[in-house]
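Biologist: Please take a close look at the paired charged side chains of this protein and at the parts of the chain around them. I should like a connected account that a first-year student can follow.

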Amino acid sequence: TSYPSIVSEMLISGFNVIGFSWICSPACTELEIVVMDWLAKFLKLPECFLHETEGPGGGVIQGSASEAVLVAVLAAREQAVRKHRELHPELSESYIRGKLIAYSSDQSNSCVEKAGVLAAIPIKLLPASDDLVMRGAALKEAIMRDVAEGWIPIICIATLGTTGTCAYDDIESLSEVCDQYDVWLHVDAAYAGGAFALDECAELRRGLERVESLNFNLHKFMLVNFDCSAMWLRDANKVIDSFNVDRIYLKHKYDGQAEIPDFRHWQIPLGRRFRALKVWITFRTLGAEGLRAHLRKHIALAVQFENLVKSDSRFELVAPRSLGLVCFRPKGDNEITSQLLHRL
């Protein structure tokens, strides 16, 4: 975390904004629109994710990657149900819901599997390649087999920066398959997403212009304290249509205007904290270059540690170093690793 973020959190608690709609705190919504576009430009994301561009895309701050992934799964589910009811009016809604299926890698975070449980959607965890990467060929094979058996594929959750080894799924080949079968592609970049801001890591951004949604945790790599997970949507209307529940006490005179979003439609809970304030203050205090320097420092420290491991005959690397993550172990039985971990 950082001093600006801690001070911001104190201010947020003091203001006690419950920012579910624009009218209950215009500053809460307006500042979130601003900082989500700032952040998208800082990370050099495709323009389709910006609020300021023409089109239905935009960004929102969720509490965690778990929430962002669940929002994507639920939205993909509801969109698929509506589409198939229109295409096949002879089928009941319950039958369609019972045939939905989703996909991810066996290297994906546990929140992906949990999202499937909460959304009542079976998620197939496809075996990653030997380099721990999920690619389009494996996804296509699974989809073809499931479609032949009567299943309806709805979403694939890819990972940029897996929890175990910080491996990167092949977004370009996955997006081709998802386009072919009309499957929502979500990218969980909870940790590695911060590296999008670095020119030397530009290859991580390949294919992002073809994904439906993605998330990145500022509380992992951007000096903003927990909780603060940025989520971008290519077409926010797909989420709004899926989650929209209107009551008379939620209506206001600006309701429904595209340039004034009510973020309650973009998330699981009704109320929301003024998280945009700590993003704004952290950016204003540290600056874009200060944040990039922080990212590069962590990567440089990992390189230094990687070299120390390589120079010590007692240890070995178990995966290539990736950003700030070094996976290593003492040589010998696993019990030695367990003892080392316990002593640390």
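Modeller: In this predicted model, E52 has a relative accessible area of 53% and is therefore exposed, since the cut-off for that class is over 50%. Its partner is K41: the two side chains form a salt bridge, with 3.0 Å from N to O. The pair connects distant parts of the chain, for E52 sits in the loop between α2 and β1 (58–62), whereas K41 belongs to helix α2, 11 residues away. K41 has a relative accessible area of 45%, so it counts as partly exposed.

The principle behind such a contact is general. Side chains of opposite charge can pair when their charged atoms come close. In this model the count of salt bridges is 24.

Helix α2 also takes part in a salt bridge through E32, whose partner is R272; the closest N and O atoms of this pair are 2.7 Å apart. E32 lies in helix α2 (residues 26–42) and R272 in the loop between α9 (236–243) and α10, so the salt bridge ties together parts that are 240 residues apart in sequence. Are these two residues buried or exposed? E32 has a relative accessible area of 0% and is buried. R272 is buried as well, with a relative accessibility of 4%.

From that loop the account passes to helix α10, which spans residues 276–310. Within this helix, the side chains of K310 and E306 meet in a salt bridge of 3.6 Å, taken from N to O. Both residues belong to α10 and are 4 residues apart, which is about one turn of the helix. Their surroundings can be described in turn: K310 is exposed, at 55% relative accessibility, while E306 is buried, at 11%. Elsewhere, salt bridges with shared partners join E9, D227, R273, R275 and K278 into one network.

One member of this network, D227, deserves a further remark. D227 is placed in the loop between α8 (218–221) and β7 (229–233). The peptide bond that leads from F226 to D227 is cis, and its omega is near 10°. Most residues other than glycine have a negative phi, and most peptide bonds are trans.

The backbone angle phi also calls for comment at two places. N16, in the loop between α1 and α2, is not a glycine, yet its phi is positive, near 55°. N16 is exposed, with a relative accessible area of 53%. L132 is likewise not a glycine and has a positive phi of about 70°. L132 is found in the loop between β3 (123–126) and α6 (136–148), and it is partly exposed, at 25%.

Helix α10 also packs against another helix. Two packed helices are described by the angle between their axes and the distance between the axes. Helix α1 (residues 3–15) and α10 have axes that come within 8 Å and cross at roughly 150°. Angles over 145 degrees count as roughly antiparallel, and therefore α1 and α10 are placed in that class. Their crossing is right-handed.

Finally, helix α10 holds W280, which is partly exposed at 30% relative accessibility. W280 joins V34 and W38 in a nonpolar patch on the surface, and the three together have about 240 Å² of accessible area.

Definitions and conventions:
Residues are numbered from 1 along each chain as its sequence is written. This is a predicted model: local features need pLDDT of at least 70, side-chain atom pairs count only at pLDDT 80 or more; totals for chains, interfaces and linings use all residues. Side-chain values use heavy atoms; hydrogens and water are left out. Patches are made of residues with over 30% relative accessible area and no salt bridge: like charges are joined within 9 Å, nonpolar side chains (Val, Leu, Ile, Met, Phe, Trp, Tyr) within 5 Å. Accessible areas come from the Shrake-Rupley method with a 1.4 Å probe; for residues, only the protein chains shown count as cover. A salt bridge is a side-chain nitrogen of Lys or Arg within 4 Å of a carboxyl oxygen of Asp or Glu. Buried means under 20% relative accessible area, exposed over 50%, partly exposed in between (1.4 Å probe, protein chains only). Axes are lines fitted to C-alpha atoms, for helices over the stretch in contact, and angles run from 0 to 180 degrees between N-to-C directions. Angles under 35 degrees count as roughly parallel, over 145 as roughly antiparallel, 65 to 115 as roughly perpendicular and the rest as oblique. A crossing is left-handed if the near helix is turned anticlockwise from the far one by less than a right angle, and right-handed if clockwise.
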